[in-house]
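Reader: I'm at home at the bench but less so with structure models. Could you walk me through this one, feature by feature?

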Amino acid sequence: MAGTAVRRRLTWQLGTVGSLTDETAMVRTIALDVPGWPGHRAGQHLDVRLTAEDGYRAERSYSIASAPGEPVAITVERLDDGEVSPYLTKELMATDELELRGPIGGYFVWDPTDCRPLMLLAGGSGIVPLRAILRHRERTGSAVPVRLLYSSRSWEDVIYRDELDALGDGVQVIHALTRRQPPGWTGYARRVDAQMLTEVAWPADQAPLAYACGPTSFVETVAGGLVGLGYPPQRVKTERFGATGDR
Amino acid sequence: MEALDGNAIGGLLIDVFGTEMTAERSTCATCGASRPVAELVVYRPGLGTVVRCRTCGSVLMVFAQFRGITCVDLHGLAALG
């Protein structure tokens with residue numbers, strides 16, 4: 001973390017692709033070996049740049065999926081009409097090189113010295129920076145209690161499902177499946193709304209710190225809902241990746 | 001096109017200001033609203049980047065990139081950082 005506090009230019013550099021892990025049918029985690037990586041904070045992102053043979057460039061931001069101290073990894077959701085994500089999730093192979101720069105961001109970050117209960121809210125691939133926070137919490141032995149409300153289209157679309165299942169004491173994971181539910185599903189079967197937040201979120205008088213990440217409409221709903229429950233706006237950190245968000 | 005937020009331009013802002021800016025406070029010159037840059041409304045239509053106030057919608061910052069040069073208009077800001 002000390003490395004990120006130092007002022008430095010952000011330069012494009014090459015990372016080498018290590019392992020590739022399919023998280024769901026549409027989502028892949030890409031581990032990267034980045035020489036001289038200065039270290040990152042939980043919640044930060046990096047920029048990826050692809051250059052076509054004719055010189056056309058496309059740039060996207062991806063949240064870092066790994067905890068500080070772990071090798072850099074990003075988790076990418078494929079958008080079939082995207083310019084960048086189809087390449088990253090279908091064509092990219094181990095040992096390929098990828099142009100990137102980072103780490104980036106000083107707002108949507110969590111520090112394990114913070115003792116406030118964590119309220120994490122993810123819509124789809126908005127889980128990625130929150131997974132870095134959860135891993136960082138585990139690795140640093142933080143005892144802050146966590147509730148994660150995670151909205152996915154279906155059970156098959158839940159990213160990091162096994163890892164979230166295996167989380168230890170102090171972390172409650174509440175799933176909402178918006179489009180399709182497995183037989184016998186007793187959990188939430190709708191989009192996150194104010195009523196759900198009332199049932200799931202830490203009461204405001206416990207002074208929780210909230211992180212919400214996902215599509216813009218999801219983040220607007222949950223951030224507004226939490227403020228309605230009495231969360232001070234400055235304790236609701238948000239990151240929106242648009243409707244299609246290649247992130 | 002749906003809006004992003006100020007987190008999305010963290011890299012661009014490091015290019016322009018030489019340091020991380022998304023956690024810095026911004027103050028709108030039109031309505032006086034103050035919030036972290038990360039909470040501003042960001043549109044990236046391809047030609048450039050437009051940053052608007054989340055309270056009143058005024059344009060706070062515009063960035064346009066051309067042949068490696070970034071043009072910056074901070075006219076709508078009363079304060080930054």
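Reader: Let me start with a single residue: where in chain B is R67(B) found?

Author: Happy to help, and please keep in mind that this is a predicted model. To place a residue, look for the elements on either side of it. R67(B) sits in the loop between β6 (59-66) and β7 (69-73) of chain B.

Reader: What is the phi value of R67(B)?

Author: Phi is one of the backbone angles, and its sign is worth checking. For R67(B), phi is near 50°, a positive value in a residue other than glycine.

Reader: Is R67(B) buried or exposed?

Author: For that, count the neighbours. R67(B) has 4 other C-beta atoms within 10 Å, so this arginine is exposed; the cut-off for exposed is 12 or fewer.

Reader: Which residue of chain A can I look at in the same way, with a positive phi?

Author: Try A207(A), a residue other than glycine whose phi is near 55°. You will find A207(A) in the loop between α5 (194-200) and β10 (209-214) of chain A. A207(A) has 13 C-beta neighbours inside 10 Å and therefore counts as partly exposed.

Reader: Now the peptide bonds. Which residues does a cis peptide bond join?

Author: Here the angle to read is omega. The cis bond joins G102(A) and P103(A), with omega at about 0°. As for its setting, P103(A) lies in strand β6 (residues 97-104) of chain A.

Reader: Let's step back to whole chains. How many helices and strands are there in chain A?

Author: Chain A has 6 helices and 11 strands. Chain B, in turn, has 1 helix and 8 strands, and its order along the sequence is β-α-β-β-β-β-β-β-β.

Reader: What does the radius of gyration tell me about chain A?

Author: The idea is to set the value beside the one expected for a compact globule. For 247 residues that expectation is near 18 Å, and chain A agrees because its own value is 18 Å. Its C-alpha atoms fill a box of roughly 50 × 45 × 30 Å along the principal axes. Chain B can be read likewise: a compact globule of 81 residues would come out near 12 Å, and chain B, at 12 Å, agrees. The C-alpha trace of chain B spans about 35 × 30 × 20 Å.

Reader: What share of each chain is buried?

Author: In chain A, buried residues make up 45% of the 247 residues. In chain B, they make up 36% of the 81 residues.

Reader: Which domains does the assignment give for chain A?

Author: Two entries are listed: domain 1 (2-104) and domain 2 (118-240). Their centres, taken over C-alpha atoms, are separated by 24 Å. Where these domains touch, 15 residues come from domain 1 of chain A and 14 residues from domain 2 of chain A. The side belonging to domain 1 has 7 nonpolar, 6 polar and 2 charged residues.

Reader: Last one: how many residues of chain B are in contact with chain A?

Author: With an interface, count the residues on each side, then ask which elements supply them. Here 18 residues of chain B are in contact with 18 residues of chain A. On the chain B side, β1 (4-5) and α1 (10-17) each supply at least two residues, and α1(B) gives the largest share, 4 residues. By class, that side has 7 nonpolar, 6 polar and 5 charged residues.

Conventions: Residues are numbered from 1 along each chain as its sequence is written. Chains are lettered from A and ligands numbered from 1 in the order in which they are written. This is a predicted model: local features need pLDDT of at least 70, side-chain atom pairs count only at pLDDT 80 or more; totals for chains, interfaces and linings use all residues. Two residues are in contact if their C-beta atoms, placed from the backbone, lie within 7 Å. Ala, Val, Leu, Ile, Met, Phe, Trp, Tyr, Cys and Pro count as nonpolar, Asp, Glu, Lys and Arg as charged, and the others, Gly among them, as polar. The radius of gyration is taken over C-alpha atoms; the globule rule is 2.2 Å times the number of residues to the power 0.38. A residue is buried if 20 or more other C-beta atoms lie within 10 Å of its own, exposed if 12 or fewer, and partly exposed in between; C-beta atoms are placed from the backbone. Domain bounds come from an automatic or database domain assignment.
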